[in-house]
Amino acid sequence: MKQFVLLLFVMASGAALAQEKSNENVPQWKGKFEQLDQILPTPNEYRTGSGSSGIKYWQQQADYNIVAELHDDNQSISGSETITYYNNSPDVLTYLWLQLDQNLFAKESNTSKTSTSALKDSSSAKTMANQLSLWDFDGGHKIRTVKDASGKDLPYTINKTMMRIDLPQPVKAGEKYALNVEWSFNIVDLNKVSARSGFEFFPQEGNYLYTVAQWFPRMCVYDDVVGWQNKQFLGGGEFALPFGNYKVSLTVPADHIVAATGMIKNLAQVLSDEQIARLEKAKTSFDKPVLIVTQHEASEKEKNKSREKKTWQFEANNVRDFAFASSRKFIWDAMAVSIGNATPLAMSYYPKEANPLWEKESTFAVKNTLEVYSKYTIDYPYPQASSVSWINGGAMEYPMLSFNRTRPNKDGTYDDKKLNRTLNGIIHEVGHNFFPMIVNSDERQTTWMDEGLNSFLEYLTETERYGDRGLAWDRAKASALIPYMKGNKTTMRPLMTNSEQVIQGGAEQYGKAATALNILRETVMGHELFDKAFKEYSQRWAFKHPKPADFFRTMEDASAVDLDWFWRGWFYSTDPVDISLDQVRWFKLRNAQTSLEGKEKTVTKGDLASPKNDKKAAEDFSNGPNYISVIPTDSRFYGEYQNTIDDKAVITKLERKNLYEITLSNKGGLVMPVIIEWTYKDGSKEIDRIPAEIWRVNEHKVTKVFAKEKEVTCVWIDPQKETPDISPEDNMFPRSELPSKFDELKKKTK
Ligand SMILES: [Zn+2]
């Protein structure tokens, strides 16, 4: 045992010394493979070191009973809600925090105060009006009353987008508390302001299409990590919401169709017998959507605007939010999807302006999303998922409901780009049902946990169901990240940055995060280990509130792959991937017989390449191999061992081999696995895949020797562009091979 230790020591120190000598000016060691111990929160009985919830994990619940009316005459909403709040925490609560998101549009909002602006030679009136808050719009939540269950007024304080209600009696652990809030607000005109919720006006016919969200005072999350999550809503960072059960009754113009989170509970009061029969038919239509409201029917209603009202009743259980859309313009179709033992409905609501694009594509896109996401995460648990057409620049997600952009041209035509954008949008927003609606992360603090994971699954859905349809699908592809990684570092932020401080959110929180996961699956972990771990995370945290550490830990816990280096590089740094193949040297053994006879000969550096060959050898293989000697193992290496190894056998094994010593530098800083493609003289190819841990001792420069049967003509690092290497021109040896090789790759990827 002792001898063995000594031998290891001799070998290790020799190797270290050699490394040190050849890298005299190496940059500082940055501990890229050190564990994240100091950075991740200490595990406890709420959240374990394995990444799952602990034995004492708890979360709050907020049930809502909402009665509201949509006023089509002045585009406003008024409502009354009873919230039943369940304090499942071990803590005593003396106040509750609610979110008043509409206050983003109030005159005194911090969003307009803190957004920066500058003057240009010419600007559009709309831009100027937005910059200087010139709209004459009375926005914001108007709180009329806040009362307890017995109707007594409760004291409250509004701080911008947050409202604190002070409780007359503390709510103890395990207790519940009911309160009532009455409110109203004016709905934002989406033509003027880009928002997550608002109305679209059709001036030719005088009709409105409402997409309504963040519309009722909503409970904040109270949890074991931050207490009350009452970070102000500035418009960028999305939402953190507790789960609960909703009963919502919405009064709207009688000829409106309402799309919403949950299921309609009073079909007979809001739909005709014929519409109910069509909806029934949709429940067993698995191959194509059934129209519940046709384009013709919707067009008729547009002409004869009803003055009557109707009240729709919805119920949704175990959801974190409730949104709805309402218009007489809605065409409505639905079909059934088979997920496990359930058959949820995939549905779409759209005005005639969205046809023929939407009737062809939307509901199928919903179905494809539910099927593929369920495979990689958990079976879709809700009874329906809907896609609503709106016209705002972005798209937005809610439980069972999403607002999606893009409509065809006025004449009904659309090109591939528009089709792709439509499909991208629907798949992405419907996909958000899983992250963050079910795996309920805190969007206000961490954007990649929903946007990154979702963009990654969006990519899997698109490639599985729609194939390669061009640039629109590229967000998770490594090569698509290269322009970003090549860009200006001063505007880059690590993924672990709060969304309000992010400059390139699309490229980072969506694109980089999705690419990271794609690389993790394709190159680092492999499908089997990744898919199991990712599913484990989804199952562990479905209907719970995960934090970044829970994801990082679960991915390792379920796979036995130490990924701390990966999280460090991809989530905590802005380093790009840039590996350079500095040098390849070709060697063969000197005649074996001579080697064995030269017993006194010791291997020194000078043996590796004779000086006259060095320069030429550094450029290509044309000067033939250099020669090295393999000599018998000195008896002192064996110490007290009785046995010795068969030197001759080793030498015989290497005799005809070509030895290649490759030198790689990590110029970018982000450590990555090394994928080496060898092209042999006979035209055949071979790939060696080296895990990222090759960089664990020297993060900057490594050399490694390979023994190959055949003569090599070209060595290429990452030939299929699995990693976003920002300077691929130094990935090949000999360098001169590069242009032809690139043409070859281009042909392949077309
Ligand atoms: Zn999203």
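Trainee: Is histidine 428 buried or exposed, and how do I read that?

Mentor: Burial is read from relative accessible area: under 20% is buried, over 50% is exposed, and partly exposed lies in between, using a 1.4 Å probe and protein chains only. Histidine 428 is buried because its relative accessible area is 7%. For histidine 432 the value is 0%, so histidine 432 is buried as well. Keep in mind that this is a predicted model, in which local features need pLDDT of at least 70 and side-chain atom pairs pLDDT 80 or more, while totals for chains, interfaces and linings use all residues. Residues are numbered from 1 along each chain as its sequence is written, and side-chain values use heavy atoms, without hydrogens or water.

Trainee: Which residues coordinate the zinc ion?

Mentor: Look for donors, meaning N, O and S atoms within 2.8 Å of the metal (3.2 Å for Na, K and Ca); water is not among the atoms, so sites may look incomplete. Here His428 and His432 each give their NE2 atom, and Glu451 appears twice through OE, at 1.9 to 2.6 Å from the zinc ion. Along the sequence, the spacing of these donor residues is H-x3-H-x18-E.

Trainee: What is the geometry of the site of the zinc ion?

Mentor: The angles among its four donor atoms run from 54 to 150°, and the site is irregular. Four donors would be tetrahedral with all angles between 85 and 135 degrees; square planar (four) or octahedral (six) needs opposite donors over 155 degrees apart and all others between 65 and 115.

Trainee: Where does glycine 668 lie?

Mentor: Glycine 668 is in the loop joining strand S26 (658-666) to strand S27 (674-680). Its relative accessibility is 13%, so glycine 668 counts as buried. Beyond its neighbours within four places in sequence, glycine 668 is in contact (heavy atoms within 4.5 Å) with Asp575, Pro576 and Asp578. Glutamate 108 is 560 residues from glycine 668 along the chain, and their C-alpha atoms are 45 Å apart.

Trainee: How many helices and strands does the protein have?

Mentor: The protein has 19 helices and 31 strands, counted as DSSP runs from the N terminus (helices H or I, at least four residues; strands E, at least two). Its C-alpha atoms fill a box of roughly 105 × 60 × 60 Å along the principal axes. Of the 750 residues in the protein, 54% are buried.

Trainee: Among contacts between residues at least 6 apart in sequence, what share joins residues at least 24 apart?

Mentor: In this protein the share is 75%.
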